[in-house]
Amino acid sequence: MAKAKVAINGYGTIGKRVADAVACQDDMEVIGIAKTRPNFEAVVAVKRGFDIYTLPESIEKFEKAGIKVAGTIEDMVKKADIVVDCTPGKKGVANAEMYKKYGVKAIWQGGEGKDVAPVSFNSVANYDAAYGADYVRVVSCNTTGLCRVIYPLDKLFGVKKVRVTLIRRGGDPGDIKSGPIDGLILDPVTLPSHHGPDVNTIIPHINITSAAIKAPTTFMHVHVINMELEKECTADDVRLVLGSQSRINLIDDGITGTNQIIEYGRDLCRPRNDMPENCVFKQSISVSDGELYMFQAIHQESDVIPENVDCIRAMLKLEPSNVVSINKTNKAMGIGFCEQKPLWMSIPDFPETFLKT
Ligand code: NAD
């Protein structure tokens with residue numbers, strides 16, 4: 001069967017990772033990437049063998065830099081079955097008309113408002129909602145990380161309420177403009193932050209609020225999570241459920257900080273030391289009076305990447321089952337510390353009462 005033709009519009013932190021992730025799947029291929037500046041990332045894209053497209057007014061800049069351009073961004077869009085828009089937050093929405101004009105399906109990222117597409121996406125929680133859809137938004141790194149823990153816990157124990165504080169990285173490692181370089185910035189100072197409500201675009205019935213603080217670090221975000229659960233359970237039950245999820249890594253072995261997780265990624269020889277799984281600190285999981293407390297770290301540069309691949313598969317109807325797609329994506333990308341199984345299969349010895357809704 002012919003591979004699905006995927007175009008990547010915007011080749012920065014997220015775009016370059018989506019391109020590499022698509023390129024290693026056997027049912028889809030990268031037909032081009034679009035960039036506006038002929039910088040080092042463009043040079044690497046050439047080395048990777050990707051065709052480069054740009055804005056008409058930027059072609060000369062690329063040619064002067066010795067980088068061959070295959071055409072304009074519109075030329076690329078015309079050739080694609082689907083475009084993954086990875087342009088900077090709030091800019092991607094301006095491309096909607098172009099995608100519509102050429103009848104091409106499109107995925108936007110979490111930096112766009114929820115109204116950019118009728119569906120917001122997470123692989124575990126609502127794959128079916130994107131099945132065959134034309135326009136979808138893959139939610140932000142933080143919302144993805146929250147959905148991955150809330151969804152299975154809600155299925156098995158019922159989630160009454162979630163309260164989460166996010167300590168956000170100030171910028172990405174390659175970023176030369178963001179901050180702070182000192183101070184902890186309330187972002188926003190008003191409450192709640194948008195992260196909790198954004199979870200409701202995927203799992204609408206969850207009662208969730210959030211607060212966010214920006215910190216001078218580039219490694220990862222940290223979430224301090226408190227959940228009230230409907231059914232009685234122990235910390236070990238929670239570890240069992242979260243440990244059964246292929247995109248959740250229960251972190252232990254002396255790791256107590258985000259810098260050590262990144263070092264762990266380096267030692268595992270992960271590409272770009274990425275950690276696309278949620279890193280839940282195993283020892284932090286505790287349950288008291290029906291309330292769960294835990295810390296998790298989210299690698300902002302990489303956790304949404306496998307979700308983009310699954311989203312492509314759902315939108316192009318390449319695979320009807322999210323479990324199959326998740327495993328396929330994980331295997332090709334070398335991520336996940338266990339196989340994703342349907343929730344009820346992941347925990348065969350689980351008390352039967354927990355499985356009843
Ligand atoms: P980025 O700034 O690293 O990369 C954006 C790329 O798009 C750059 O290469 C830029 O040159 C290019 N670009 C700018 N304008 C363009 C245009 N008009 N047409 C084509 N290309 C254009 O941004 P990013 O961090 O990769 O973020 C992309 C999206 O992913 C945003 O919506 C963001 O909110 C979301 N996101 C980012 C992160 C993260 O931590 N970086 C995590 C999850 C989601």
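This briefing covers the ligand site, one buried serine and the salt bridges of the structure above. The model is predicted. The ligand has 20 residues around it, and this shell takes at least three residues from each of two domains. A search of the whole structure gives 24 salt bridges, and six residues, among them R247 and E307, are linked in a network of such bridges.

**Ligand site**

- Of the 20 residues that surround the ligand, the closest are T13, I14, T36, R169 and D172.
- By class, the shell consists of 10 polar, six nonpolar and four charged residues.
- Domain 1 (4-139 + 304-333) and domain 2 (141-303 + 339-354) each supply at least three residues of the shell.
- D172 places a polar side-chain atom 2.6 Å from a nitrogen atom of the ligand.
- T13 has a polar backbone atom 3.0 Å from an oxygen atom of the ligand.
- Q300 also approaches through its backbone, with an N or O atom 3.5 Å from a ligand oxygen.
- The protein buries 82% of the 830 Å² that the ligand exposes when taken alone.

**S246 and its partner**

- S246 sits in the loop between α9 (235-243) and β13 (248-251).
- The relative accessible area of S246 is 0%, so this residue counts as buried, the limit being under 20%.
- The side chain of S246 makes a polar contact of 2.9 Å with the side chain of N330.

**Salt bridge K328–D26**

- K328 and D26 form a salt bridge in which the closest N and O atoms are 2.7 Å apart.
- K328 belongs to helix α12 (residues 322-333) and D26 to the loop between α1 (13-23) and β2 (28-34), so the bridge ties together parts 302 residues apart in sequence.
- K328 is partly exposed, at 28% relative accessibility.
- D26 has a relative accessible area of 55% and is therefore exposed, since that class begins over 50%.

**Salt bridge R168–D187**

- In the salt bridge between R168 and D187, the closest N and O atoms are 2.5 Å apart.
- R168 lies in strand β9 (residues 159-169), while D187 lies in the loop between β10 (185-186) and α8 (195-199); the pair therefore ties together parts that are 19 residues apart in sequence.
- R168 is buried, at 16% relative accessible area, whereas D187 is partly exposed, at 25%.

**Salt bridge R247–E307 and the network**

- The side chains of R247 and E307 meet in a salt bridge with an N to O distance of 2.9 Å.
- This pair links distant parts of the chain, 60 residues apart: R247 is in the loop between α9 and β13, and E307 is in helix α11 (residues 305-315).
- Are R247 and E307 buried or exposed? R247 is buried, with a relative accessible area of 4%, and E307 is buried as well, at 1% relative accessibility.
- Which residues are linked with R247 and E307 in a network of salt bridges? The network also holds D27, R148, D310 and R313.

Conventions:
Residues are numbered from 1 along each chain as its sequence is written. This is a predicted model: local features need pLDDT of at least 70, side-chain atom pairs count only at pLDDT 80 or more; totals for chains, interfaces and linings use all residues. Side-chain values use heavy atoms; hydrogens and water are left out. A residue is near a molecule or strand if one of its heavy atoms lies within 4 Å of it. A polar contact is a pair of N or O atoms within 3.5 Å; within protein, one must be able to donate a hydrogen and the other to accept it, and residues adjacent in sequence count only if both atoms are side-chain atoms. Accessible areas come from the Shrake-Rupley method with a 1.4 Å probe; for residues, only the protein chains shown count as cover. Ala, Val, Leu, Ile, Met, Phe, Trp, Tyr, Cys and Pro count as nonpolar, Asp, Glu, Lys and Arg as charged, and the others, Gly among them, as polar. Domain bounds come from an automatic or database domain assignment. Helices (H or I, at least four residues) and strands (E, at least two) are DSSP runs, numbered from the N terminus. Buried means under 20% relative accessible area, exposed over 50%, partly exposed in between (1.4 Å probe, protein chains only). A salt bridge is a side-chain nitrogen of Lys or Arg within 4 Å of a carboxyl oxygen of Asp or Glu.
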